[in-house]
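Reader: I have a structure to go through with you. Can we take its packing and its charged pairs in turn?

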Amino acid sequence: MRASVAGCKMSIGALLNGLLVSVVAALLWKYSKLSEHAALLEEELHMTQQSQEVSQAHIDYHVALQALQEHGTRMVCTGKMHTDRICRFDYLCYCSEAEEFVFFHSNSSVMLPNLGSRRFQPALLDLSSVEDHNTQYFNFLELPAAALKFMPKPVFVPDVTLILNRFNPDNLMHVFHDDLIPAFYTMMQYSDLDDEARLVFMEGWGEGPHFDLYRLLSSKQPLLKEQLKNFGKLMCFTKSYVGLSKMTTWYQYGFVQPQGPKANMLVSGNEIRQFARVLMDKMNITRVEEMEKDGGSSEDEKGKRDEYIVLFSRSTTRLILNEAELIMALAQEFQMRVVTVSLEEQSFPSTVQVISGASMLMSMHGAQLITSLFLPRGAVVVELFPFAVNPEQYTPYKTLATLPGMDLHYVSWRNTKEENTITHPDKPWDQGGITHLEKEEQERILASKDVPRHLCCRNPEWLFRIYQDTLVDIPSFLEVLKEGMKTKPSVRRSKPASTVHPGRVREPQCQTSVQTTNEAKLTVSWQIPWNLKYLKVRELKYEVWIQEQGENTYMPYILPQQNYTFSENIKPFTTYLVWVRCIFNKNLLGPFADVLMCRT
């Protein structure tokens with residue numbers, strides 16, 4: 001009996017010990033889980049804080065991480081080729097250690113276009129608006145979303161971002177032509193790329209001297225590639241657009257063929273002027289002509305407006321050696337004030353303020369002439385070229401000035417007197433120096449009177465000549481300027497170019513009749529396009545195409561009337577396809593109306 005009682009006591013003790021161990025173990029396990037959960041929460045809080053260092057926008061880190069893990073990256077692009085493609089991504093990530101973008105695959109991932117290996121021929125898209133340049137290509141690495149378990153915790157960027165490359169942020173021409181105008185119109189293309197969007201520059205340059213101009217595109221501070229590593233090893237953009245529209249560029253720099261206007265320009269001066277107006281608003285600059293419009297000035301008051309000439313003064317290279325004498329000659333010849341501006345000594349907004357009211361802007365060939373896009377309509381752009389540099393071969397500013405709707409008058413002058421030039425052969429190669437070249441090459445360049453056409457970007461003869469200083473021959477300069485001004489339209493009469501095209505002709509009809517076994521007639525008639533009754537039309541014509549069914553060629557006609565009977569080359573018992581469209585004001589074409597099928 002005692003033995004059984006003792007055994008019972010031992011069993012109860014063992015049971016209690018077992019329960020105690022279980023309770024302690026459960027508590028320890030729970031504490032471990034709580035600690036682990038607390039560590040996760042602390043880590044998420046830290047990553048959220050890192051994300052909010054990039055953006056003030058609120059982000060639920062746990063939700064963002066779960067979305068990336070479950071759905072992976074998603075991509076939908078527009079454009080058929082890498083040269084015209086822009087892609088929208090959800091959860092595109094960037095690994096700062098590898099300096100690579102990463103696409104995480106899951107069962108919910110979307111990749112349109114799904115190009116397979118063709119994505120590398122040569123790239124998915126161009127990060128810059130500059131074509132034919134392989135340093136601007138964009139691609140990404142691919143990983144399964146499960147790989148996130150073994151990678152550094154991502155930092156999320158909740159801002160909508162535009163990811164791009166600046167082409168050469170040290171050069172003002174490139175800043176405007178390659179970066180600012182394309183970025184502005186890319187942002188207009190997508191409604192969520194608004195003033196709150198974040199620009200991310202991936203080319204690797206520092207800020208550069210014109211970074212404040214990039215800041216005008218968004219209220220958010222742009223991010224540089226070098227800054228991304230400060231926010232973590234893996235950075236994920238919740239929503240981003242990658243690439244730039246090339247529709248606004250008008251010039252190619254000579255990577256494949258010598259530099260010149262783009263073969264197929266898609267932009268007009270109207271779009272350039274709209275961009276200039278927005279940028280001036282952001283810089284708090286009011287154009288003189290806008291002030292007149294707001295103030296309701298009379299035509300007489302506008303005619304008496306102070307007109308002046310602006311001359312760009314350079315302090316380091318491409319100097320005008322007799323600048324003071326040139327200023328006096330211009331003032332006397334045109335009876336206008338001559339104002340000098342300098343990008344080295346003045347702020348950019350103050351320079352634009354002066355240029356925006358000028359009647360004439362003149363400068364040696366150089367990037368500062370891109371500011372001509374801020375000139376009022378009817379103003380004159382005068383570009384001076386050093387000795388041996390042919391104005392017809394270097395025309396970025398002439399091309400800009402002559403875009404339809406830009407309404408600027410362009411004149412160029414070239415120094416033809418070698419004795420009026422100072423060269424700098426001993427300077428570094430990128431400032432026109434040639435002493436690093438073989439003696440024979442130096443002698444050839446010195447003897448040359450005309451820089452031959454060349455490819456970009458280090459042609460020593462071009463650099464040697466373009467960095468010359470010039471003593472302007474004032475009589476020949478004024479003669480060229482006066483001759484060029486003879487074709488200048490009146491400033492007061494200058495108006496925005498009309499780009500309104502006619503609509504389709506209405507109610508096109510055809511009637512046929514057979515005269516003999518070898519002769520037939522085809523009568524085509526139509527009504528004027530609907531929008532014509534609201535437009536002032538100086539000249540109105542119609543284009544008619546007639547094609548025999550089954551044939552590859554057609555007969556084109558330009559007609560002044562809305563009804564015409566064709567008999568020449570019209571055969572009996574034959575079906576003809578007929579197209580009609582309107583042409584007005586010489587070259588504004590309308591669309592063709594639906595094809596007519598006419599049986600004789």
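**Buried charges and the core**

Author: This is a predicted model. R581 counts as buried, at 16% relative accessibility.

Reader: Which residue does R581 meet in a salt bridge, and is that partner buried or exposed?

Author: R581 lies in strand 26 (residues 575–584). Its side chain reaches E543 in strand 23 (residues 540–548), so the pair ties together parts 38 residues apart in sequence. The closest approach, N to O, is 2.8 Å. The relative accessible area of E543 is 12%, under the 20% cut-off, so the partner, E543, is buried.

Reader: How far apart are the closest N and O atoms of D407 and R377?

Author: D407 sits in the loop between helix 11 and strand 18 (409–414). R377 is in the loop between strand 16 (360–364) and strand 17 (380–385), 30 residues away. R377 is buried, with a relative accessible area of 17%. The two form a salt bridge, with a closest N and O distance of 3.0 Å.

Reader: Is E97, which pairs with K233, buried or exposed?

Author: The salt bridge between E97 and K233 has its closest N and O atoms 3.6 Å apart. It links distant parts of the chain, 136 residues apart. K233 is partly exposed, at 45%. E97 has 58% relative accessibility, over the 50% cut-off, so E97 counts as exposed.

Reader: How many salt bridges does a search of the whole structure find?

Author: Some are joined up: D159, E196, R198 and K220 are linked in a network. For the whole structure, the search gives 30 salt bridges.

Reader: Where does the largest nonpolar core lie with respect to domain 1 and domain 2?

Author: This core has 72 residues, and F176, I272, I370, L373 and F374 have the most contacts inside it. Its largest share, ten residues, comes from helix 3 (residues 172–189). Domain 1 (61–249) and domain 2 (270–287 + 305–487) both contribute, so the core lies between them.

Reader: What arc do the buried residues of helix 6 cover around the axis?

Author: The buried residues in helix 6 are G269, I272, R273, F275, A276, L279 and M280. Their cover includes helix 3, helix 10 (348–355) and helix 11 (396–401). They are on the same side of helix 6, because they cover an arc of only 160°.

Reader: How far apart are the end C-alpha atoms of helix 6?

Author: Helix 6 (residues 269–282) has 14 residues. At 1.5 Å a residue, the helix should span 20 Å. The model agrees: the end C-alpha atoms are apart by 20 Å.

Key. Residues numbered from 1 in each chain as written. Predicted model: local features only at pLDDT ≥ 70, side-chain atom pairs only at ≥ 80, totals over all residues. Heavy atoms only, no water. Core = buried A, V, L, I, M, F, W, Y, C linked by side-chain atoms within 4.5 Å. Buried < 20%, exposed > 50% of the residue type's maximum accessible area, 1.4 Å probe, protein only. Helix = DSSP H or I, 4+ residues; strand = E, 2+ residues; numbered from the N terminus. Domains from an automatic or database assignment. Expected span 1.5 Å × (residues − 1). Arc of directions from axis to C-beta. Contact = heavy atoms within 4.5 Å. Salt bridge = Lys/Arg side-chain N within 4 Å of Asp/Glu carboxyl O.
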